[in-house]
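Here are some worked exercises for you to try at your own pace. Have the viewer open, attempt each task, then follow the solution.

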Amino acid sequence: MKKVLILVEGQTEERFVKTVLYKYFASNEIQLVPTILSTKEVKDGPNFKGGVVSYGKVKKHIANLLKDTSCSMITTMFDYYGLPGDFPGYHDKPNNVTCYKKVDIMEAAFAKDINNIKFLPYLQLHEFEALLFSSPNKINDTFPSPRDNLAVLEGIKNSFTSPEEINEVPETCPSRRLLKIYPRYVKPVYGPMISSGIGIDTIRKECPHFNQWIEKMLNC
C-alpha cells in the first residue's frame with residue numbers, strides 16, 4: 001500500500017482526512033496520514049498547532065516530512081483564504097484573473113520553492129467550508145432549522161459556477177456565510193460530519209480544483 005503524508009492546517013482538515021478521505025483512498029490501496037501544522041514549538045509541553053502563521057514554519061515542517069523515505073507523496077491542505085503574505089506567489093497574483101488562476105500561480109510557486117519531486121502543493125479554494133456548499137441539502141439536514149434556510153443556501157450556491165468560487169471577502173467567505181445562517185456551526189465538529197454525508201464523489205463533481213488534487217493523489 002502506498003503512503004501519502006498530508007500537512008493540514010487544523011483539526012477540521014485532520015478529521016476530514018481521517019474520517020472521509022481515508023476510506024476513499026484505502027479502497028485504492030493508498031494510506032493517507034495527516035499531520036497538523038505546528039505553529040509554535042514548546043520545549044516542555046505540547047506544541048501549538050493549527051493555522052498558517054508564516055511560510056517559514058510550513059517549509060520547515062515539509063522538510064521534516066520529506067525525510068520519510070517510505071512515503072510516495074507529500075501534500076498539503078491549507079485554506080487559500082487567509083494565507084500569510086510571505087507565502088510563495090502571494091504577491092504575483094494578477095487581480096484580473098479567476099480564482100483558479102490565482103491559486104495555480106501560488107501552487108506553482110510553492111512547488112518551485114520546495115523543489116522535490118514527491119511534493120504536491122494543494123491550497124483549498126477558498127476555505128474548507130466551500131466544499132460543504134456542494135450540497136445545501138446536507139448542510140441543512142444537519143441542523144434543525146426553518147425550511148427557508150435551505151433556500152438561502154441554494155441561492156448562495158447557485159450564484160457561483162462552483163462552490164470553490166464563493167468569495168474570499170471576510171464578510172462573505174464560506175465559513176462566515178454558514179455562521180450567519182447557523183450560529184451553532186462549529187468547524188471541527190460539523191465540517192467533517194457534513195462532508196461525510198455529502199460524499200467525496202459529489203464534492204469532486206462540484207469542485208474542480210479539489211477534484212484535480214484527489215486525481216493526482218490517486219495517481220501517486
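**Exercise 1: Positive phi in loops**

Glu29 has a relative accessibility of 49% and so counts as partly exposed (buried is under 20% relative accessible area, exposed over 50%, partly exposed in between, with a 1.4 Å probe and protein chains only). Before going on, please note that this is a predicted model, where local features need pLDDT of at least 70, side-chain atom pairs count only at pLDDT 80 or more, and totals for chains, interfaces and linings use all residues. Residues are numbered from 1 along each chain as its sequence is written, and side-chain values use heavy atoms, leaving out hydrogens and water.

Task: find where Glu29 lies and what its phi is, then treat Asn115 likewise.

Solution.
- Step 1: Glu29 sits in the loop between H1 and strand E2 (30-36); helices (H or I, at least four residues) and strands (E, at least two) are DSSP runs, numbered from the N terminus.
- Step 2: the phi of Glu29 is near 60 degrees, a positive value in a residue other than glycine.
- Step 3: Asn115, in the loop between helix H3 (99-114) and strand E6 (119-120), has a positive phi of about 55 degrees and is not a glycine either.
- Step 4: Asn115 is exposed, with a relative accessible area of 62%.

**Exercise 2: The buried side of a helix**

Task: list the buried residues of helix H2 (residues 55-65) and work out how they are placed around the axis.

Solution.
- Step 1: the buried residues of H2 are Tyr55, Val58, His61, Ile62 and Leu65.
- Step 2: these residues cover an arc of only 125 degrees around the axis, so they are on the same side of H2; the arc is taken from the directions from the helix axis to the C-beta atoms.
- Step 3: an α-helix has 3.6 residues a turn, so residues three or four places apart point the same way.

**Exercise 3: Core contacts**

Task: which residues does Trp213 touch, not counting those up to four places away in sequence?

Solution.
- Step 1: with contact meaning heavy atoms within 4.5 Å, Trp213 touches Ile6, Leu21, Thr75, Thr76, Met77, Leu120 and Tyr122.

**Exercise 4: A cis peptide bond**

Task: which residues does the cis peptide bond join, and what is omega?

Solution.
- Step 1: the bond joins Leu125 and His126, with omega at about -25 degrees.
- Step 2: His126 is in the loop between strand E7 (123-124) and helix H4 (129-132).
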